[in-house]
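Good morning, and thank you for coming. I would like to take you through several helices of one structure and the way they pack.

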Amino acid sequence: MKSNLNIAQKTIVGAQFLFVAFGATVLVPLLVGLDPSVALLTAGVGTLIFHAVTKGKVPVFLGSSFAFIAPIIKATELYGLPGALSGLIAVGLVYGLMSLLVRLRGLGFVVRLFPPVVVGPVIMLIGLSLAATGVNMAKSNWLLAITALLTTVVVSLFGKGLLKLIPIFSGILVGYLVSVAMGLIDFQPVLDASWFALPAFVRPEFCWEAIIFMAPVAIAPVIEHIGDIYAINEVAEKDFVKDPGLHRTMLGDGLACIASSLLGGPPVTTYSEVTGAISLTKITDPSVIRIAAVFGILFSMLGKVSALLKTIPEAVLGGIMLLLFGTIASVGINTLIKNKVDMGNTRNLVISSLILTLGIGGAEFTSGSITLGGIGLAALVGVVLNLLIPRNQIDK
């Protein structure tokens, strides 16, 4: 385990970690209409907050979460971006509540509240609900979309070392270069942009409807957070669930989400790509991750970087999304398989079926000016059914 690096080596490795996280971190804001520079800033700030709460012991980098793409798009349509951001603040509060429950009742209580039969279909729904969006973006230029898609697939399958950890970045880069070769990129906004500029912050506006709409979506990322921490345990050969404690990692994640939303950025959560980078390099020194966070903050101040990111063609992003959202759905399926959820059991079949049909069908519950729908409603229904239907329900 490499932990005795000097400051120069730590700086180089920290830059590599940001490179691994870069593609996915900026992809989310580009898809939901946020400033990618804000996402880089909040990823850095959120990571530093997480490390402060967890006593600087856990080698985790926080980045933009794909789980919230569809809810942010829908909430923005319904309540405007400032309202949607207030809903994202509620996501951080849900993390805080889960942290308190883990502290008071233990991890088992949270797992019983959100079992695989609920979490698996919710994760599937996150991917499936965005399928049409990916196709619509890709069909604006199928050549670019397929180029970005094939590059991402090839790097995922055959890439070696750190290259294998940046398939999204690779797909965007190759798709962008092809766009340049085809003369499809207007670089004038990049030339006009300042070298140094603050990100375009958006101030949240309190909106009860958006809060109720968005909060239930946190269920899946909360469970994924637990899995990521256990994965880091194995790589670092330490038990972070006990020290500093899972309640602290959840609280750190929640506070980071709140800070990100207050600045106008997407929710930031534990990051699988960086977990993979840590596994590959065997470098588990948390100070390296903090250096990566500082790099993220510094990059967010480069106005030309933000302007350049905004020139990425829609079709290139669409090509990435074709694979990405299908992958998310597949993770949900794998959650059911890995946990050996018996789909022949009537109880499990009812819960998973209703989550999927309500979510994909776009069901909404309206009371006065408050609307609960989409992934949030489906997730909430799943949790309630899991609590109400007897666990000994089996087929005769």
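How are H7 and H16 oriented to each other? They are oblique, because of the angle at which they pack; oblique here is what remains once angles under 35 degrees count as roughly parallel, over 145 as roughly antiparallel and 65 to 115 as roughly perpendicular. Helix H7 covers residues 142–158 and helix H16 residues 314–338, and they pack at about 45° with axes 7 Å apart. Axes are lines fitted to C-alpha atoms, for helices over the stretch in contact, and angles run from 0 to 180 degrees between N-to-C directions. Helices themselves are DSSP runs (H or I, at least four residues), numbered from the N terminus.

Please bear in mind that this is a predicted model, in which local features need pLDDT of at least 70 and side-chain atom pairs count only at pLDDT 80 or more, while totals for chains, interfaces and linings use all residues. Residues are numbered from 1 along each chain as its sequence is written, and side-chain values use heavy atoms, with hydrogens and water left out.

On the H7 side, the residues in contact (heavy atoms within 4.5 Å) are Trp142, Leu144, Ala145, Ala148, Leu149, Thr152 and Val153, and they meet Ala315, Val316, Gly319, Ile320, Leu322 and Leu323 in H16. This contact divides into 11 nonpolar residues, 2 polar and no charged. Ala, Val, Leu, Ile, Met, Phe, Trp, Tyr, Cys and Pro count as nonpolar, Asp, Glu, Lys and Arg as charged, and the others, Gly among them, as polar.

The second pair is helix H5 (residues 116–128) and helix H11 (residues 219–236), whose axes come within 9 Å and cross at roughly 115°. H5 is therefore roughly perpendicular to H11. From H5, Val119, Val122, Ile123 and Ile126 meet Ala220, Ile223 and Glu224 of H11. That contact has 6 nonpolar residues, no polar and 1 charged.

For the third pair, helix H17 (residues 346–360) packs with helix H18 (residues 374–388) at about 165°, the axes being 8 Å apart. H17 and H18 are therefore roughly antiparallel. Among the residues that meet are Arg347 and Ile351 in H17, and Gly374 and Ala378 in H18. Here the division is 7 nonpolar, 4 polar and 1 charged.

Finally, I turn to a single helix. H3 (residues 69–105) has a kink of about 120° at tyrosine 79, shortly before proline 82; the bend is the angle between axes fitted to the seven residues ending there and the seven starting there. After H3 comes glycine 106, with a positive phi near 95°.

How values were computed. Helices (H or I, at least four residues) and strands (E, at least two) are DSSP runs, numbered from the N terminus.
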